[in-house]
Amino acid sequence: MSFSLGKRDRPMSSRARSPAAKRTDVSDESMGGKSSRLPKRKVACFIGYCGTGYAGLQLNPPHPTIESAFFDAFVKAGAVSKENSDDPKKVALQRSARTDKGVHAAVNVLALKMIIEDPDIVLKVNQHLPEQMRLWKIERTTKSFSPRNHCDSRWYEYLIPSLSFLPPRKGSPWGKRILECNGGRMLRDEAANFWDDIPWICSNDGVDAAAEIKANKEAVRLARRKYRISAERLSAVRQFLSRFVGTRNFHNYTVDQDFRASNSLRVIRSFTASEPFLIDNTQWISLKIHGQSFMLHQIRKMVAMVICAVRCGCSDTAFDETFKEKRVNIPKAPSLGLLLERPVFEGYNRNIASKHDDRSTIGIDELVEQIETFKQERIYDKLYATEEQENTFASFTSGLDGHGARGTLDFLLDEIIAPIATV
């Protein structure tokens, strides 16, 4: 469904504009053989997208990005003139939150100077977008509006299968290492015996080695899909998520960040885990995080830290050490599950309501139903199908066990023992 601009948001007629407004609001083209002069308005474009197949949000020629797809649609729909089509800087293109490769957004905001004379401009832009992208609405803003600086906070969701919290195999190098150091705090729920209950096939059963490996991989895959997280293990997930809430130093949760840099301090307002739910016989959990702003890879590293902590019985003390000066290498959880839910503009809206009678507040409250449908059909369903086909999270936890075997996750352990031999 497309959404047109309301009467209040439509540009004034040229007869009603002052001469000064004419000089500042019209597009930059001259009349010499170029398109007619049409006024450009500073607007907020509320957009949604599935990030699969794109190299992130921000323009990055020659790679396909979300912004490049939207900008191309703006040009084709006549919202950006041909004379400005060669450089998005000419229309001051900005974004509220940058998303990485493969990351999705139910709602994000782009700001730019746009031609919005056509009341059907939203519909026309959507006609030039792929099915995995939507322009939800266009709203007039003040000329000084910055989608990044006027954004008070951001909501993200991370969808994760509960199999991600299964402990490592007891007989593996990392499993043995955990039992020696953190064994006293390992959860004693059903997952503790998960690997013992798998019907392993041994070569002495008359099966050749290649067939044995293939059969055992399939047995593990099926067992992981059937796993259901216990109340005790889910409680541990929630307890570790809560340790992020407040003002923390996240220099270990991004790339090349100095502990002493002021922007290493970030505010997390909440981090919660839903009750588990089933999709095609796989159990999933929705993690919701609300924070002021986030650094590169920060959320993915936060999720990975919780996965590691639950799987190896990490202590609260060892967990909190990651907020201190010592440098540790925290892995990144898969981008597959990460979704920007929405940016929040409370401060901007309060200012608009009190000072600007000719501008409306910005938001998407009236579009919640359409956005939820899009999330389900274009983001969630594709995410679930991708995990089913590619076993992304199972591969990730197997990789963690490899890192642990090489000693790179020793910061999770209570007592550092001598490095084990390389296997």
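Contact, on this tour, means heavy atoms within 4.5 Å. Keep that in mind as you click around, and remember that this is a predicted model.

**The whole chain**

Start with everything shown as a cartoon. You should find 11 helices and 10 strands. Colour by burial next: of the 423 residues in the protein, 52% are buried. The protein exposes about 20,100 Å², and carbon and sulfur atoms supply 50% of that area. If you draw contacts between residues at least 6 apart in sequence, 77% of them join residues at least 24 apart.

**Into the core**

Nonpolar side chains in soluble globular proteins tend to be buried together. Here, the largest nonpolar core has 120 residues. Select Cys45, Phe70, Phe74, Leu135 and Phe244, which have the most contacts inside this core. Then add helix α7, residues 298-312: α7 gives the most to the core, with 11 residues.

Now centre on Phe70. What is Phe70 in contact with, leaving aside its neighbours within four places in sequence? The list runs Ile47, Gly48 and Tyr49, then Leu110, and finally Leu129, Met133, Arg134 and Leu135.

**Two paired strands**

Select β4, residues 133-140, where seven of the eight residues are buried. Bring in β1 (41-49) beside it. β1 and β4 pair in the antiparallel sense over seven bridges. For a spot to zoom in on, take Cys45, which stands opposite Ile138 in β4.

**A buried threonine**

Go to Thr99, in the loop between β2 (94-95) and β3 (104-114). Is Thr99 buried or exposed? Its relative accessible area is 3%, so Thr99 is buried. Show side chains and look for Tyr49: the side chains of Thr99 and Tyr49 make a polar contact at 2.8 Å. Beyond its neighbours within four places in sequence, Thr99 is also in contact with Gly56, Leu57, His104, Asn108 and Leu340.

**Loops with something to show**

Leu38 is in the loop between α1 (19-25) and β1. With a relative accessible area of 34%, Leu38 is partly exposed. Draw a distance from its C-alpha atom to that of Ser81: Leu38 and Ser81 are 43 residues apart along the chain, with 8.7 Å separating the two atoms.

Follow the chain past β1 to Pro62, in the loop between β1 and α2 (66-77). The peptide bond from Pro61 to Pro62 is cis, with omega near 5°.

Next, pick Asn281 in the loop between β8 (277-279) and β9 (282-291). Asn281 has a positive phi of about 70° although it is not a glycine. At 45% relative accessibility, Asn281 is partly exposed.

His297 comes next, in the loop between β9 and α7. His297 also has a positive phi, about 65°, without being a glycine. Its relative accessible area is 18%; buried means under 20%, so His297 counts as buried.

**Last stop: a two-sided helix**

Finish at α9, residues 346-355, and select Tyr348, Asn349 and Ile352, which are buried. Look down the axis of α9: the buried residues fall within an arc of 95°, so they line one face of the helix. An α-helix has 3.6 residues a turn, so residues three or four places apart point the same way. Which exposed residues does the face of α9 turned away from its buried side carry? Select Arg350, Ser354 and Lys355 to see them.

Methods: Residues numbered from 1 in each chain as written. Predicted model: local features only at pLDDT ≥ 70, side-chain atom pairs only at ≥ 80, totals over all residues. Heavy atoms only, no water. Helix = DSSP H or I, 4+ residues; strand = E, 2+ residues; numbered from the N terminus. Buried < 20%, exposed > 50% of the residue type's maximum accessible area, 1.4 Å probe, protein only. Polar contact = N/O pair within 3.5 Å; in protein donor to acceptor, adjacent residues only side chain to side chain. Arc of directions from axis to C-beta. Areas by Shrake-Rupley, 256 points an atom, 1.4 Å probe, with all protein chains shown as cover. Core = buried A, V, L, I, M, F, W, Y, C linked by side-chain atoms within 4.5 Å. Pairing = 2+ DSSP bridges.
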